[in-house]
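Me: Could you take a close look at the loops here for me? I would also like to see how they sit within the rest of the model.

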Amino acid sequence: MSSLKKILNIKETGIFIPLALLCVLIGIKNPVFYSLLNLVDVLRNTSYILIIAIGMTFVLIAGGLDLSVGSFLALCGMVCGLGLKAGWPIPVAIGAGLAAGIAGGLLNSLVIVKLSIPPLITTLGTMYMARGLVLVVTRGTPIYPLPEAFSEMGIGAAAGIPFVVLIAIVLSLVAAWVLKNTIYGRQVYAIGGNEETSRFSGINVTRIKSSVYVIVTALAALSGVLMSARLGSAQPSIGDGYEMQVITAVIIGGTSLSGGSGTILGTVLGALFMSVLANGMNLVGVSVYWQKFVMGTIIIVAVGLDRYRRSTRRS
Amino acid sequence: MASPAVLTMIDITKRFGEVTVFDKISLDLKAGEVLSIVGENGAGKSTLMNVLSGAHPHGTYDGRIMVDGIEKAFAGPQESQRAGIEMIHQEISLHLDLSVAENVLMGNLPRRFGGLVDWRLAIDLARQCLSEVGLDVPPREELRNLSTSQQQLVSIARALARKPRILVLDEPTSALTISETENLLGIIRRLAASGISCIYISHHMEEVFRISDRIQVLRDGKVISVYSKPEFDENRIIEDMVGRKIETMYPKETVPLGPEILRVENLTVPHPFMPLKNIVEGIGFRVRRGEILCIAGLVGAGRSESVNAIFGTQKRLSGEVFLEGKPVKVRSSLDAIAAGIGLVPEERKKSGLIAAMSIKENMTIASLRAISWKEVIRKKKERNLARRFFERLKIKAQGIDANILSVSGGNQQKVVLAKWLMKDLKVLVLDEPTRGVDVGAKVEIYHIIAELVKSGVGIVMVSSDLPELLGLGDRFIALADGRIRAEIERRDVSPERIMRAVTGIQETMENEREE
């Protein structure tokens, strides 16, 4: 088999080629796309989504779904912001935000696993609950100002690369390694592939299933904290609709909604694709009103192509 | 019988892309005849029937199909049905949420003025069709509430409702127990006597020999031989099927039995659907090292439920499990596996395999600890382990990285077995270990079981395949209505004794109970 064919057969190339084409096209239309400032901006915007999408990849591979990430992002950002306002040390406030995320994830997994309520329903419920809590506590107004040192963390960069991008890169590498090489990773694929067989094979299905919801919500919390730092305030409406963007990125990246397959590399490319597209449409001058429409079309085309490619390869 | 051919298929060739499934296959079927088509998985039987049923429409194959001497070109299943050909598939394709009557009359419910369904007539018609297959259930019953075997009979009743001339049965007994199979064979013979021609496809050679007027053997997409009734020779036909000599179907070696390895006491399992009813009522048994204990019974007798309850994959009300004399707390399959019990489940696709994974990953899924350093899987160790069992079990596939679904049922089952062979088991429970497995792979699986026993493992086996049970078992317990009706040693066993026990005949004669 030629090496080109090998590359074409890798799952993720399904999205890599459109992504490359998109970059070329946008670059031709508007060279500003390639300016360092813009590229860094695209990467930064990608990272907030990607951090959650990494967790969502675990959830979808395990055959689950989580709609509550956007709301928990806001809730945990708020907890962190309130802590800072109350004068807690920065690490403690961040810790509180992340702890809120872990608690939220535990709540989700408890309801899903113990009460056997489908993840779609459970997380739809907690999505409203978490958002509601944010609105109750903040009464709809942002929490600010936050300490200088905290904001600096949000703006900060190392060698020109924003911290949030570095965090996203490290998390992607770790997650990809975990999925590929650890017992845990294999078991996540197994329960998404066939939960009953996994149980018959001695996998602790309950524990693995619970863990993925904790992971994704903790990552949503991290993203929320980073976003508050970036904005210098905790916004009550932030993260609205994020769940859909995150799920879209993961699915465009080739992860199956029915569980059992998917990769972090795919998710990284999917998240990049989404933000390059959004950025490109702005640069090229697509009307804001049309952008959502284009986005929707592309989701269907991208996933449709992927399905087609897989079905032809199988036969 | 010199009656004219109802169906003739001439030089049928079918290709998928570059792969030729079968090449110039011909067959003819006379009125009122039962023709069996036998062959290993992949021999082309099911594809041939799909050509006949119109599922592979005219133009996708070469060759001619003639019904009553008239050439037919089916564009789809409806046209084939109109020509009087009815298929009954291995996998039951009925609507679980509809009533029995609706299922039976699917597509031709009687109508009244105005297009409304004439329910009274429908129920009567359905009852008639059901009685033809000897099934006594209320036509209004929801299909879901019927047992698998009853559902199978419903699908036959549905086929008969359309007054077919040719009935094709593809593995109709794979989900049936012995007495239900008896019943079905009787029905087929009656249908044949009334002039309906049947094509019968089955892996169960015993059934095939009993029911067929002729047997046609396929191998590798070619007709190898055709035998007519008096000249059936089991060994020759099986050799034709597998293309080589099989010395012994059931390799039973006398293994010296060791001390008790498994003991189950007072096992009671609640019925999965019916509240306040138990499907297994206080049973108990023992297995010794190197022993094969067989559990016989009809569908619904509680066989699978018993073994799953021991393994922790089914709820139980009571029951203690002892391994080597020590009590084991089995709250879930995790405990059972940790203690050294493995289970090859009845439904391979549903609970034995992970479809998205490779052969290798399916094999090692229960042994990840053994091939890992702390939490990290050592890929090389995994490959080596998988390859060793791949070779030892003679799995036929492109390699250990091939997808599990790309291999035949028999090879899939070997992978499930490999999953447990990798672990040091004390007890292995086999629930219908050769269902949907072709003859060649069956024999290989029997050899694997024999090897296990020799190494001192205790085996509990549930099977609806009576010859298999009798061929391998050391001791037999017969379940009926969730109770043990008989316990029989190998030297005393006979098919009749088991049949009597599982159908409860002995029981009712010996002690008349209330009820």
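Reply: Let me start with a term: a residue is buried if 20 or more other C-beta atoms (placed from the backbone) lie within 10 Å of its own, exposed if 12 or fewer, and partly exposed in between. This is a predicted model, in which local features need pLDDT of at least 70 and side-chain atom pairs count only at pLDDT 80 or more, while totals for chains, interfaces and linings use all residues. Residues are numbered from 1 along each chain as its sequence is written, with chains lettered from A and ligands numbered from 1 in the order in which they are written.

Now to the loops of chain B. Which residue there lies in the loop between strand 21 (475-480) and strand 22 (483-489)? That is Asp481(B), a residue other than glycine whose phi is nonetheless positive, near 50°. Asp481(B) counts as partly exposed because it has 16 C-beta neighbours inside 10 Å. Glu324(B) is not a glycine either, and its phi is positive at about 50°. You will find Glu324(B) in the loop that joins strand 14 (318-323) to strand 15 (326-328) of chain B; strands (E, at least two residues) and helices (H or I, at least four) are DSSP runs numbered from the N terminus. Glu324(B) has 16 other C-beta atoms within 10 Å, so it too is partly exposed.

To place these loops, look at the domain assignment (automatic or from a database). It splits chain B into domain 1 (5-242) and domain 2 (260-349 + 425-510). Between the C-alpha centres of domain 1 and domain 2 of chain B there are 32 Å. Their contact (C-beta atoms within 7 Å) draws 16 residues from domain 1 of chain B and 14 residues from domain 2 of chain B. On the domain 1 side, helix 5 (148-161), helix 6 (178-193) and helix 8 (234-242) of chain B each contribute at least two residues. That side of domain 1 of chain B holds four nonpolar, nine polar and three charged residues; Ala, Val, Leu, Ile, Met, Phe, Trp, Tyr, Cys and Pro count as nonpolar, Asp, Glu, Lys and Arg as charged, and the others, Gly among them, as polar.

Chain A has its own backbone features to visit. In the loop between helix 6 (119-138) and helix 7 (148-155) of chain A sits Pro145(A), joined to Tyr144(A) by a cis peptide bond with omega about -5°. Ser116(A), just after helix 5 of chain A, shows a positive phi of about 55°.

The two chains also meet each other: 22 residues of chain B are in contact with 17 residues of chain A. Helix 9 (183-193) and helix 10 (195-200) of chain A are the elements giving two or more residues to the chain A side, and helix 9 of chain A brings the largest share, five residues. The chain A side that touches chain B comprises four nonpolar, ten polar and three charged residues.

Within chain A, helix 8 meets helix 13: Ser172(A), Ala175(A), Ala176(A) and Leu179(A) from helix 8 face Ile264(A), Leu265(A) and Val268(A) from helix 13. Six residues of that contact are nonpolar and one is polar, with no charged ones.

A last word on confidence, given per residue by the predictor as pLDDT from 0 to 100. Chain A has a mean pLDDT of 90, with 93% of its residues at 70 or more. Among its elements, helix 9 of chain A has the highest mean pLDDT (97) and helix 1 (residues 3-9) of chain A the lowest (57).
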